[in-house]
Amino acid sequence: MTVKNAEAKRILAVLDETVQELSSLSYINSGLVEHTEDLGEILGSKFVGYLESCKNLDNEPEFDKDKTDQVPTGNIFRHLSKDPSVLHHVQSFGFDRSGNILSLVDAIKRLRQGTHRRLSVTVEEENSRRSHFEEVCKREEKASKEKLSLEQQLRIERRERQKALTQLGEAEVRTKNELEVVKAGTEKFMKDLVVRTEDTKNRNAKQYDFDFDILLEEITKLEKELKKLEVVHREDEAKLIKKKNKSEQEVETWIKEYDIDMNKLEKIYQDENEVYSEVVEQLRVYEGHYNQLRKEIEDANAREEEQKKAKEEAEEQKKREEKAAATIQATWKMFQQQKEAEGKKSKGKGKGK
């Protein structure tokens with residue numbers, strides 16, 4: 001963008017000169033001023049005199065910093081502009097540049113860019129940029145509000161999570177304490193259980209030995225009784241074996257007779273089954289004939305019912321016709337009577353005249 005207005009160019013030139021002057025003056029700091037006596041041969045006596053005047057102004061108690069005509073910065077800048085080698089020597093000394101002046105230089109550069117931009121655009125472009133800037137500001141404000149809202153929600157969520165973590169920590173501590181209590185109770189219970197188990201085992205062992213002796217005596221006594229019973233019942237056992245053999249022979253005889261009877265009954269069953277099959281086949285034929293006759297009877301009844309219904313409809317139609325004829329005759333007769341009465345009445349009136 002180019003600036004066509006002469007006044008605008010003059011403003012920009014003043015700002016450029018200001019930036020250049022301040023950039024050069026940023027190398028003049030307290031470190032350089034303090035060593036002016038040692039730098040006279042390098043920088044020249046005139047420039048050192050300017051620096052000495054700056055040093056004297058800083059030490060003067062009634063120095064008014066708002067009165068810029070008292071500060072020889074203009075002389076320093078003009079001297080640096082006329083003799084660039086002095087500026088080169090000052091830059092080579094390696095002293096730190098003034099941070100405040102550099103910040104001011106950056107601010108003036110931004111001011112120069114903004115001024116140049118505003119002087120090189122039209123009113124419409126300026127309004128458009130202003131509206132765009134306002135829109136951007138609104139968006140930034142909205143975004144900042146949303147950011148604050150999200151940060152607040154984040155803080156609330158963080159507090160809730162911290163609270164939940166605290167509750168979980170407390171629950172964990174309680175659980176550990178309960179676990180320690182349960183563990184201690186379990187160890188005590190196991191010790192008591194071992195003691196009770198040993199005691200019960202010892203009592204059961206004594207009781208077992210006592211019961212074993214008693215049972216052993218009973219077994220010896222029962223074995224003696226068993227031997228006596230075997231001797232006594234040996235004859236009965238032989239008799240029962242003979243009876244068993246006889247019973248088995250009788251059962252075999254009964255089984256043979258049962259097989260003979262079953263064969264006879266099987267033959268009778270087969271004969272009866274053949275007869276039954278023939279009867280079933282005959283019943284199937286009779287059932288088909290019966291179904292055919294039943295269908296014929298149903299068809300005849302249906303035809304008879306239709307004929308009866310048609311006859312009733314004909315009689316009903318005949319009654320309606322007779323009733324209509326009687327109604328017509330009665331109406332005609334009434335009409336004739338009215339006509340004759342009107343004729344007689346008209347004749348009587350004629351005689352009266």
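The following dialogue sets computed values for a predicted model against their definitions.

Biologist: What makes a value admissible in this model?

Modeller: As the model is predicted, local features need pLDDT of at least 70 and side-chain atom pairs count only at pLDDT 80 or more, while totals for chains, interfaces and linings use all residues. Residues are numbered from 1 along each chain as its sequence is written, and side-chain values use heavy atoms, with hydrogens and water left out.

Biologist: How many helices and strands does the protein chain have, and how is each defined?

Modeller: The chain has nine helices and zero strands. Helices are DSSP runs of H or I with at least four residues, strands are runs of E with at least two, and both are numbered from the N terminus.

Biologist: What span is expected of H1, and what is found?

Modeller: The expected span of a helix is 1.5 Å times one less than its number of residues. The 20 residues of H1 should therefore span 28 Å, and its end C-alpha atoms are 28 Å apart, which agrees. Helix H7 (residues 99–119) has 21 residues and reaches 30 Å, close to the 30 Å expected.

Biologist: Which residues of H7 are called buried, and what covers them?

Modeller: Buried means under 20% relative accessible area, exposed over 50%, and partly exposed in between, using a 1.4 Å probe and protein chains only. In H7, Val105, Ile108, Gly114, Thr115 and His116 are buried. Their cover includes helix H1 (6–25), in which the buried residues include Ala8, Leu12, Leu15 and Val19. Across the 353 residues of the protein chain, 12% are buried.

Biologist: Why is the pair of Trp332 and Phe335 called tilted?

Modeller: Rings of Phe, Tyr and Trp (its six-membered ring) pair if their centres lie within 6.5 Å; planes under 30 degrees apart count as stacked, over 60 as edge-to-face and the rest as tilted. The structure holds two aromatic pairs. In the pair of Trp332 and Phe335, the centres are 5.7 Å apart and the planes stand at 35 degrees, so the pair is tilted.

Biologist: Why is Trp332 classed as exposed, and how does Phe335 count?

Modeller: Trp332 counts as exposed because its relative accessibility is 54%, whereas Phe335, at 44%, counts as partly exposed. Being three residues apart in helix H9 (residues 234–352), Trp332 and Phe335 are separated by about one helical turn. An α-helix has 3.6 residues a turn, so residues three or four places apart point the same way.

Key: Contact = heavy atoms within 4.5 Å.
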